[in-house]
Amino acid sequence: MHLSTDRILTTHVGSLPRSPALTDLLIRQERDEAIDTALLAREAQAAVAAVVERQIAAGVDIINDGEQPRVGFQTYVPQRMKGFGGASSRPFPTDYRDFPDFAKAMASRFARRSKVRDAPQAIAEVRYDDLSAAEAECALFDAASAGHAGRYVERFMTAASPGIIATTMLNAWYESHEKYVFALAREMRKEYELIVARGYVLQLDAPDLAMERVVLFQDKPLAEFLAVVELHVAALNEALANIPRERVRLHCCWGNWEGPHVHDVPVGEILPLLYQARVGGLSLEFANPRHQHEYAELKRQKLPAGMVLLPGVLDSTTNYVEHPEVVANRICEAVAAVGDRTRVIASTDCGFGTFAGYEFVAPDVVWAKLQAAAEGARIATRRLWG
């Protein structure tokens, strides 16, 4: 993971807006409808090339492929692994239960999107025998970024953590949640190791480590949820056994929706468990109104030596374009919490297109936000380096 000794770098969490044509094809493919696969391949190729160009134009330093070929940040997994079928019955978050007017508004806002609560479930032993889809995604990204050498600092590729797969594609086969999570870790390590071998930084998307408090474990005691988090981190570590920790960053969040979030688990409860992860970077939300105050917890529970913080300095659910001075303030607050300007990389709270058909922020606003982050990083650099 590239660290800068003379300026603040910028990145984002991973997913970026897809075109309407690509979104339609991905949703139809997920629903097993007949599609033109050659057209899907062309649309994905064009989309990856476009988002690479747009990231560089916006001033993003650490870029990725925007997850363009994927129907969802974790729901792509059943399309690559064997053992899934049928449909899960995933609970709605507590926001939907406690705020019915909000739930109704959300239902009308995203009438057609990819599967989230009814994704396939595990109905047999999970097996990742064919890495060709992962290899093809890497090849698309390589081709799209080949002509931009020197215009970006580093590249990363996202992958779903064992825990978020297990809590989205529910278990209907294994005798325990623990066995299911570790089976997923055993198989997903193949994709993780492929990504690192291709020269990318691996970002593991693990919202389960915070978000599942208000979803799958919403009615359980906090202690039980924290035990699950510890289990998920242990599975993640097993999957990363052969990967240097400095080549991995971990994204944890409370769910990428514009909602009340009044039942979110405080970051202080989960930080000790997140610090157990064998990763070199930790990506956390700090830009939205529910978690802006939690830098204070990082001062109480210091980031481990050698770990980088990727704080959210852009809210991924609102169409406000943050003023660069606001971004700079947030970066400087993160540096103050960490105590080391070289261990902070400005990022976003979450992705801007976590599922096909599920985008809170308009595409042109996304690019304006990322440009504001780059401008804010330059302001913060002047403040921090003088």
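This passage describes the sheet, the nonpolar cores, the largest pocket and a few single residues of a predicted model.

Local features were taken into account only at a pLDDT of at least 70 and side-chain atom pairs only at pLDDT 80 or more, whereas totals for chains, interfaces and linings use all residues of the predicted model. Residues are numbered from 1 along each chain as its sequence is written, and side-chain values rest on heavy atoms, with hydrogens and water left out. Helices (H or I, at least four residues) and strands (E, at least two) are DSSP runs numbered from the N terminus.

The model contains an open sheet of 6 strands, arranged in the order β2-β5-β6-β7-β8-β9 with parallel pairing, where two strands are taken to pair if DSSP finds at least two bridges between them. Strands β2 (62-63) and β9 (308-311) form the edges, each pairing on one side only. Strand β2 runs parallel to β5 (residues 154-160) and is joined to β5 by 2 bridges, with I63 standing opposite R155 of β5. In the loop between β2 and β3 (82-85) lies E67, a residue that is not a glycine and yet has a positive phi of about 60°. E67 counts as buried because its relative accessibility is 2%, buried being defined as under 20% relative accessible area, exposed as over 50% and partly exposed as in between (1.4 Å probe, protein chains only).

The largest nonpolar core, a core being a set of buried Ala, Val, Leu, Ile, Met, Phe, Trp, Tyr and Cys residues joined through side-chain atoms within 4.5 Å, comprises 113 residues, of which F84, L202 and I270 touch the most other members. Helix α7 (residues 177-197) gives the most to this core, with 10 residues. When neighbours within four places in sequence are left aside, I270 is in contact (heavy atoms within 4.5 Å) with L209, A210, F225, L226, C252, W254 and V265. Apart from the largest core lies another one, of 10 residues, among them L22, L26, V71 and A356.

Residues L22 and L26 are also among the buried residues of helix α1 (residues 20-30), which further include T23, L25, I27 and E30, and the buried residues of α1 pack against α2 (37-58). In the loop between α1 and α2 is D32, which, although not a glycine, has a positive phi of about 65°. D32 is classed as exposed because its relative accessible area is 71%.

Helices α1 and α2, together with α5 (132-145), are the elements that give two or more residues to the lining of the largest pocket. A pocket is here an open set of points on a 1 Å grid over the protein atoms alone, where a 1.4 Å probe fits, with protein on both sides within 12 Å along at least five of seven lines, and lining residues have an atom within 4 Å of a point. The volume of the largest pocket, taken as the space filled by probe spheres set on the points, is about 470 Å³. Its lining consists of 18 residues, of which Q29, L40, P69, R80 and A133 lie nearest the centre, and α5 supplies the largest share, 5 residues. The lining divides into 10 nonpolar, 4 polar and 4 charged residues, with Ala, Val, Leu, Ile, Met, Phe, Trp, Tyr, Cys and Pro counted as nonpolar, Asp, Glu, Lys and Arg as charged, and the others, Gly among them, as polar.

Finally, I379 is placed in helix α12 (residues 363-385) and counts as buried because its relative accessibility is 13%. Residues up to four places away in sequence not being counted, I379 touches P324, E325 and A328.
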